[in-house]
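The exercises below are meant to be worked with the sequence and the coordinates open side by side. Each task is followed by a solution that proceeds in steps.

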Amino acid sequence: MSQPEAAAPDRRLFGLCLLTLGWSVLVLQAGGFTTSIRAGMAFLDWPLSNGSVNPPGWLTEIDKFAEHSHRLAAMGLGLLSIAIAVAHGFRESRRGIRLAAYALVGLVVFQGLLGGLRVLLDKLNIGGEGNFKAVAFAVGHAVNAQLTLALLAFIALAHSLAWYQARHTAPRSLFRTGALAAGLTLSVIVAGAVMRQGHFTAWVSSPSDGLFIPSIGTGVVWWVNLLHRGGALVAGTAVLFFAVQLGRHGFPFLRWSSLVVLVFLQVLLGILSIQLPLNPHVRTVHLVVGAALFSSLCAAMMLARRCSEKSPA
């Protein structure tokens, strides 16, 4: 028999989760920038950087700074996730939320291993012509980062007033609509990760070529780019539809309007990424906003599920 939840959220756990969320955004930004400037192999070893936690040149050379700061920030995220798990073990009575906190540590550790294997199995370390193994682990590293952030967002939500004060009812179909939107968004994220980590983004060469159909590239390169752009339109439409449904069923304005704002901001950043292919900052912000959209979407989906559970039978 499950234990009843407390009458009010635990502010300390909520604050710790918010702190970790903020830190994870820094980790994601550092990792995205590292990929954008192709600095992932600034150091050939792992987990140390050139055998040190303070390698020469990392504060003066941009590629070394990007990669090493990402590693240091990721280490901090690991410590924070352990703190969340320990704190939940002592303070959280809900078994499902405790298990989610423990799973968060597992995802963060898995994330570190994926990043390490991406480095150690690179062709610069193992030789050969192709680099499929390293790219595959890099894609997994990128996608798992999004899943980790989404899980962390859910844990934070479970300690918020919105979770405890969820009294309005919603049909179960609302949760299914959110789950569909989340699944479509994740597929776009996967396609984007393949594009970024494989470094075969087919950019539009001039405004007259249009924004939707890739104007350069052939074969798999062209199709993955098309799937990412086309999938983004489908997923964006699904997210907007879900947001409208949230509004129709009485969810707070900020809860659903934030999804709308993030969708349009992400589309704008995607267009800017096409028009400014040499600007790594635009692509990095595009990645971060995409993570914010996916995490917010997953949180809203779980809140809809909670409200459907409160609906009359």
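**Exercise 1. The second largest pocket**

Find the volume of the second largest pocket, and work out which helices line it and what kind of residues they supply.

Solution. In this predicted model, the second largest pocket has a volume of about 430 Å³. Its lining is made up of 22 residues, and those that lie nearest the centre are L21, A153, S295, S296 and A299. The next step is to assign the lining to helices: α1, α5, α9 (253–275) and α10 (280–309) each contribute at least two residues, and α10 gives the largest share, with seven. Sorting the lining by residue type then yields 17 nonpolar residues, four polar ones and one that is charged.

**Exercise 2. Helix lengths**

Check whether the end-to-end distances of α5 and α7 agree or disagree with a rise of 1.5 Å a residue, and decide how much of α5 is covered.

Solution. Begin with α5, which runs over residues 132–157 and therefore has 26 residues, for which the expected span is 38 Å. The C-alpha atoms at its two ends are 38 Å apart, which agrees with that expectation. Of these 26 residues, 19 are buried, so that α5 is mostly covered when buried is taken as under 20% relative accessible area.

Turn next to α7, residues 172–198, where 27 residues reach 39 Å from the first C-alpha to the last, close to the 39 Å expected. The residue that follows α7 is H199, and its phi is positive, near 55°.

**Exercise 3. Cysteines**

Establish how many disulfides the structure contains, and explain why C17 and C298 are not bonded to each other.

Solution. A disulfide is a covalent bond between the sulfur atoms of two cysteines, and a search of the whole structure finds zero of them. The reason can be read from the distances: for C17 the closest cysteine sulfur is that of C298, 16 Å away, which is too far for a bond, given a cut-off of 2.5 Å. Starting from C298 leads to the matching result, because its closest cysteine sulfur is that of C17, again at 16 Å. As for their surroundings, C17 counts as buried because its relative accessibility is 0%, and C298 is likewise buried, with a relative accessible area of 11%.

**Exercise 4. Salt bridges**

Count the salt bridges, and for the pairs D10–R91, E67–R71 and D122–R118 state how far apart the closest N and O atoms are and whether the residues are buried or exposed.

Solution. The count comes to five salt bridges, among them the three pairs treated here.

1. In the first pair, D10 and R91 bring their closest N and O atoms to 3.0 Å. This bridge links distant parts of the chain, for D10 lies in the segment before α1 (11–36) and R91 in helix α2 (residues 62–91), with their positions 81 residues apart. The two partners fall into separate accessibility classes: D10, at 16%, is buried, whereas R91, at 42%, is partly exposed.
2. In the second pair, E67 and R71 approach to 2.8 Å. Both belong to helix α2 and are four residues apart, about one turn of the helix. E67 is buried, its relative accessible area being 6%, and R71 is buried too, at 11%.
3. In the third pair, the side chains of D122 and R118 meet at 2.9 Å, N to O, and both residues are buried.

**Exercise 5. Backbone geometry between α1 and α2**

Examine the loop between α1 and α2, and determine which peptide bond is cis and what the phi values of R38 and N50 are.

Solution. Taking the peptide bond before the phi angles, the cis bond joins W46 and P47, with omega about 10°, and P47 lies in the loop under examination. R38, also found in the loop between α1 and α2, has a positive phi of about 60° although it is not a glycine. N50 lies in that loop as well, and its phi, near 50°, is again positive in a residue other than glycine. To complete the picture, compare accessibility: R38 is exposed, with a relative accessible area of 60%, while N50, at 46%, is partly exposed.

Definitions and conventions
Residues are numbered from 1 along each chain as its sequence is written. This is a predicted model: local features need pLDDT of at least 70, side-chain atom pairs count only at pLDDT 80 or more; totals for chains, interfaces and linings use all residues. Side-chain values use heavy atoms; hydrogens and water are left out. The expected span of a helix is 1.5 Å times one less than its number of residues. Buried means under 20% relative accessible area, exposed over 50%, partly exposed in between (1.4 Å probe, protein chains only). A salt bridge is a side-chain nitrogen of Lys or Arg within 4 Å of a carboxyl oxygen of Asp or Glu. On a 1 Å grid over the protein atoms alone, a cavity is a set of points where a 1.4 Å probe fits but cannot get out, and a pocket is an open set with protein on both sides within 12 Å along at least five of seven lines; lining residues have an atom within 4 Å of a point. Grid points are joined across faces, edges and corners, and a volume is the space filled by probe spheres set on the points. Ala, Val, Leu, Ile, Met, Phe, Trp, Tyr, Cys and Pro count as nonpolar, Asp, Glu, Lys and Arg as charged, and the others, Gly among them, as polar.
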